[in-house]
Amino acid sequence: MIQHDIVIIGGGPAGLAAAAAAKKGGADDILILERDGVLGGILNQCIHNGFGLHTFKEELTGPEYASRFIKIVKELGIPYQLNSMVIDINKEKEITVVSRENGLQVIKAKSIILAMGCRERPRGALNIPGYRPAGIYTAGTAQRLVNIEGHMVGKEVVILGSGDIGLIMARRMTLEGAKVKVVAELMPYSGGLKRNIVQCLDDFGIPLKLSHTVVNIEGKGRVTGITLAEVGPDRKPIPGTEEHYSCDTLLLSCGLIPENELTRNMGVSMNPVTSGPMVNDRLETDTEGVFACGNVLHVHDLVDYVSEEAALAGQNAAKYILYGASKTSGNGADAPRCSADAGICTGGSNGGTESSSAGACVAIRAENGVRYTVPQSLDPAAMAEKITVRFRVADVYKDRSICVYYDGKLISKKKKRVLAPGEMEQVVILKSSLAEYPDLKEITIRTEEES
């Protein structure tokens, strides 16, 4: 059986950033497993700019952003296997992987970083009535066909869903000479970033119809048209509001789903809101030594945040190898483990000083408009000097504040003119702020209306 200290599942932006951080953190035996034929993940087909403003302080395209991290990984001498599909991970951290070059392999890891990314929600999950003709694509599939394969997918296009990929493809198809007739969104708000609505729709005169959905698809051999209808508060079509659009292509941009089949098979506790694993402030799951980062943990809006989060996972995986597994620190692999109902605080790795004693678990809860938080718990003794808690809100809110409470006491309040589900929010929790609360049990993050 092959053995490695750290195995990273996925060679996209999260996996690359995690690998680089783990190597710089002192871990030497690292392996990246990537199912595609190249490193870089989804960024390779994202030829538009807007990446890297936070990480590199300059605007890059997706391939340019990926190439920066690929170069770092190669310079650090981190090995990787391409065209390698992981088909199983068990609780003993034994990874079954298959590839044409190496056949079937079983790799034993001391620590695993989950960085598998996410996938698009397909038509079958949307229950759209009508025939099953050619010309129906997820937005990401169309993006790959146009940007990498060089195939134009259609000339008259309707897009269902206003996620960022759908918005970007509305612009891309227009630039390639297609006519994008409308973007329809089931919800009363867009699922994408405000800047993408402006740059990809408004600048090209493409209409956005909120609270609308496709109720019929016409055509047998190829799409010939679709019918839109307005939906009510119950998300059901309102009779009499139907509109017909002739088109030869329907693109679906109806949400992203973290790729967590492997995670579930391991028995890792999952968050029903994010569809990703539950993690503590070190991004460690409740399976000791298994970390998660990037879109497999929760769907991000900016790849810069993916890289930042992945670097944290990589650093802590390296600390787990250096201090946790070898039991050379105060919180070794047999340190106390907390099983709080809202999250997990595992022993065995350390996000703070190596001599800290881990075990105290503080749950991080989402309330009143905050849909979830990542992480879901923290260990005040072992945490880093500060942690970033990221979350999304449940609806579009105006003139609200993001409030942080320690056991019911208001600690901070930040006014926001607009909060929207399409844009990720964050709060920073300082370790020093917890010193006055030695018996802290719960941190609550919520939105509140301005009085």
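Student: How many bridges join strand 12 to strand 13?

Tutor: Happy to start there, keeping in mind that this is a predicted model. Strand 12 covers residues 179-185 and runs parallel to strand 13. One residue to look for is Ala184, which stands opposite Lys209 in strand 13. The number of bridges joining strand 12 to strand 13 is three.

Student: Which strands stand at the edges of the open sheet with the order 10-17-11-12-13?

Tutor: The pairing in this five-stranded sheet is parallel. An edge strand here pairs on one side only. That description fits residues 136-138 and residues 208-210, which are strand 10 and strand 13.

Student: By how many degrees are neighbouring strands of this sheet turned against each other on average?

Tutor: Take the open sheet in the order 10-17-11-12-13. With direction ignored, the average turn between its neighbouring strands is 20 degrees.

Student: Which strands does helix 3 touch where it packs on the sheet?

Tutor: Compare directions to begin with: that of helix 3 makes about 95 degrees with that of strand 10. Helix 3 touches strand 10 and also residues 249-252, which form strand 17. The two names are therefore strand 10 and strand 17.

Student: What is the handedness of the crossing of helix 3 and helix 4?

Tutor: Helix 3 spans residues 139-149 and helix 4 residues 164-175; they pack at an angle of about 35 degrees, with axes 9 Å apart. Ala139, Gly140, Ala142, Gln143, Val146 and Asn147 of helix 3 make the contact with Ile165, Gly166, Ile168, Met169, Arg172 and Met173 of helix 4. These divide into seven nonpolar, four polar and one charged. As for handedness, the crossing is left-handed.

Student: Are helix 4 and helix 5 roughly parallel or oblique to each other?

Tutor: The axes of helix 4 and helix 5 (residues 194-201) come within 8 Å and cross at roughly 20 degrees. Angles under 35 degrees count as roughly parallel. Helix 4 and helix 5 are therefore roughly parallel.

Student: How many charged residues does the contact of helix 4 with helix 5 have?

Tutor: Helix 4 contributes Asp164, Leu167, Ile168, Ala170 and Arg171, while helix 5 brings Asn196, Ile197, Gln199, Cys200 and Leu201. By class there are six nonpolar and two polar residues, and the charged ones number two.

Student: Why are helix 1 and helix 7 called oblique to each other?

Tutor: Helix 1 (residues 13-24) and helix 7 (residues 303-324) have axes that come within 7 Å and cross at roughly 40 degrees. Roughly parallel would need an angle under 35 degrees, and roughly perpendicular one of 65 to 115. The pair is therefore oblique.

Student: Which residues of helix 1 meet helix 7?

Tutor: The crossing of these two helices is right-handed. On the helix 7 side are Val303, Val306, Ser307, Ala310, Ala311, Gly314, Gln315 and Ala318. They meet Pro13, Ala14, Ala17, Ala18, Ala21 and Ala22 in helix 1.

Student: In strand 21, what is the bridge partner of Ala363?

Tutor: Strand 21 belongs to an open sheet of five strands with mixed pairing, in the order 21-20-26-23-24. Strand 21 (377-378) and strand 24 (409-419) each have a single partner strand, so one side of each lacks a neighbour in the sheet. Two bridges join strand 21 to strand 20 (residues 362-367), and these strands run antiparallel. The bridge partner of Ala363 is Ser377.

Student: What does the pLDDT of the protein chain average?

Tutor: Of the residues, 92% score at least 70. Over residues 325-343 the pLDDT is below 50, and it stays under 50 over residues 347-358. The chain average is 91.

Definitions and conventions. Residues are numbered from 1 along each chain as its sequence is written. This is a predicted model: local features need pLDDT of at least 70, side-chain atom pairs count only at pLDDT 80 or more; totals for chains, interfaces and linings use all residues. Side-chain values use heavy atoms; hydrogens and water are left out. Axes are lines fitted to C-alpha atoms, for helices over the stretch in contact, and angles run from 0 to 180 degrees between N-to-C directions. Angles under 35 degrees count as roughly parallel, over 145 as roughly antiparallel, 65 to 115 as roughly perpendicular and the rest as oblique. A crossing is left-handed if the near helix is turned anticlockwise from the far one by less than a right angle, and right-handed if clockwise. Contact means heavy atoms within 4.5 Å. pLDDT is the predictor's confidence in each residue, from 0 to 100. Ala, Val, Leu, Ile, Met, Phe, Trp, Tyr, Cys and Pro count as nonpolar, Asp, Glu, Lys and Arg as charged, and the others, Gly among them, as polar. Two strands pair if DSSP finds at least two bridges between them.
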